[in-house]
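Me: Please take a close look at the charged side chains in this model and at what surrounds them. I would like one connected account rather than a list.

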Amino acid sequence: MAPTRRRGHVVYVSSQFRAASRAPAVGKVDEIHNLNLATSAGEDMSDHLKYFTEHMPATFVYAGINVENSGLFTGLRGRQISARSVLKTTGPFPFTEEWEALVATLENGLRLHHHEPGTLTAQAQHLHYRTGGSISSLSHLIRQAAIMAILTGTEKIDRELLNETSIDHAAESLAPRPATTTAAPR
């Protein structure tokens, strides 16, 4: 077991151990948009994040949704966080080989008795269209389709089942839709 030090509820491996093992020192904090600096708990967490960046020899990645508008960078503590951060804005996942690999990884995790391997991978472009390139929407869609496959007893996911499966509101409202043509009234 690696030597560790305890700070509150966080356990981290000592920098001496990382240096000996040449392991990169990276910490990730997800859901950072939920940090409310207007509460005492939020202030405490802000102080912990500040401590981490100043005293731990690591690079920290703070991930969240719409953090630039969440209030995370406002006020004295917010300015301290923003002074220690570089904001990288991301968008939907593009339809590339990496998207196809992601679909393949999710498909490999399925444990459906009659599912043909490669079925979802062959539908990667359709899945990208349905989800708008959102990884969480893709995961939700495949999970919902798998549950439906189990409940109906088919134990497989095909395009028909994917099209019958409801998607989350974000994907429904953000996924690109084809233009429709309507006839003008006479």
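Reply: The account below goes from the chain as a whole to the charged side chains, and then to a few other places.

The model is predicted, so local features are reported only at pLDDT of at least 70 and side-chain atom pairs only at pLDDT 80 or more, while totals for chains, interfaces and linings use all residues. Residues are numbered from 1 along each chain as its sequence is written, and side-chain values use heavy atoms, with hydrogens and water left out.

The chain has 9 helices and 4 strands; these are DSSP runs numbered from the N terminus, with helices (H or I) of at least four residues and strands (E) of at least two. Read from the N terminus, the order is β-β-α-β-α-β-α-α-α-α-α-α-α. Of the 186 residues, 27% are buried. Buried stands for under 20% relative accessible area, exposed for over 50%, and partly exposed for values in between, with a 1.4 Å probe and protein chains only. The chain exposes about 12,700 Å², of which carbon and sulfur atoms supply 54%. That area comes from the Shrake-Rupley method with a 1.4 Å probe, and for residues only the protein chains shown count as cover. Contacts (heavy atoms within 4.5 Å) often span the sequence: among those between residues at least 6 apart, 62% join residues at least 24 apart.

Now to the charged groups. Side chains of opposite charge can pair when their charged atoms come close. Here Lys and Arg count as positive and Asp and Glu as negative, while His and the chain ends are not counted. The whole structure holds 4 salt bridges, a salt bridge being a side-chain nitrogen of Lys or Arg within 4 Å of a carboxyl oxygen of Asp or Glu.

One of them joins E54 and R84, with N and O 2.5 Å apart. This pair links distant parts of the chain, since E54 sits in helix α2 and R84 in the loop between α3 and α4, 30 residues away. E54 is partly exposed at 43% relative accessibility, and R84 is partly exposed at 36%. Helix α2 also supplies a network, in which salt bridges that share partners join E43, D47 and R77. Within that network, the closest N and O atoms of E43 and R77 are 3.9 Å apart. E43 belongs to helix α2 (residues 40-55) and R77 to helix α3, 34 residues apart, and this pair too links distant parts of the chain. E43 has a relative accessible area of 31% and is partly exposed; R77, at 27%, is also partly exposed. A further salt bridge connects D30 with K28 at 3.8 Å, N to O. D30 is partly exposed at 45%, whereas K28 counts as exposed at 58%.

D168 is a charged residue without such a partner. It is buried and has no salt bridge, and the nearest side chain of opposite charge, R143, is 8.1 Å away. D168 lies in the loop between α8 (159-164) and α9 (169-174). Its side chain makes a polar contact of 2.8 Å with the side chain of S137. A polar contact is a pair of N or O atoms within 3.5 Å; within protein, one must be able to donate a hydrogen and the other to accept it, and residues adjacent in sequence count only if both atoms are side-chain atoms. A polar atom of the D168 side chain also lies 3.2 Å from the backbone nitrogen of A170. Apart from neighbours within four places in sequence, D168 is in contact with S137 and H140.

E155 is another acidic residue to check. It lies in the loop between α7 (135-152) and α8, and is buried at 14% relative accessibility. Its phi is near 55 degrees, a positive value in a residue other than glycine. N66, in the loop between β4 (59-62) and α3, also has a positive phi of about 55 degrees without being a glycine.

For the uncharged surroundings, F52, F60 and Y62 form one aromatic cluster. Rings of Phe, Tyr and Trp (its six-membered ring) pair if their centres lie within 6.5 Å; planes under 30 degrees apart are stacked, over 60 edge-to-face, and the rest tilted. There are 3 aromatic pairs in the whole structure. The rings of F52 and F60 are stacked, with centres 5.7 Å apart and planes at 15 degrees. F60 and Y62 are likewise stacked, at 6.3 Å and 15 degrees. Both F52 and F60 are buried, while Y62 is partly exposed at 24%.
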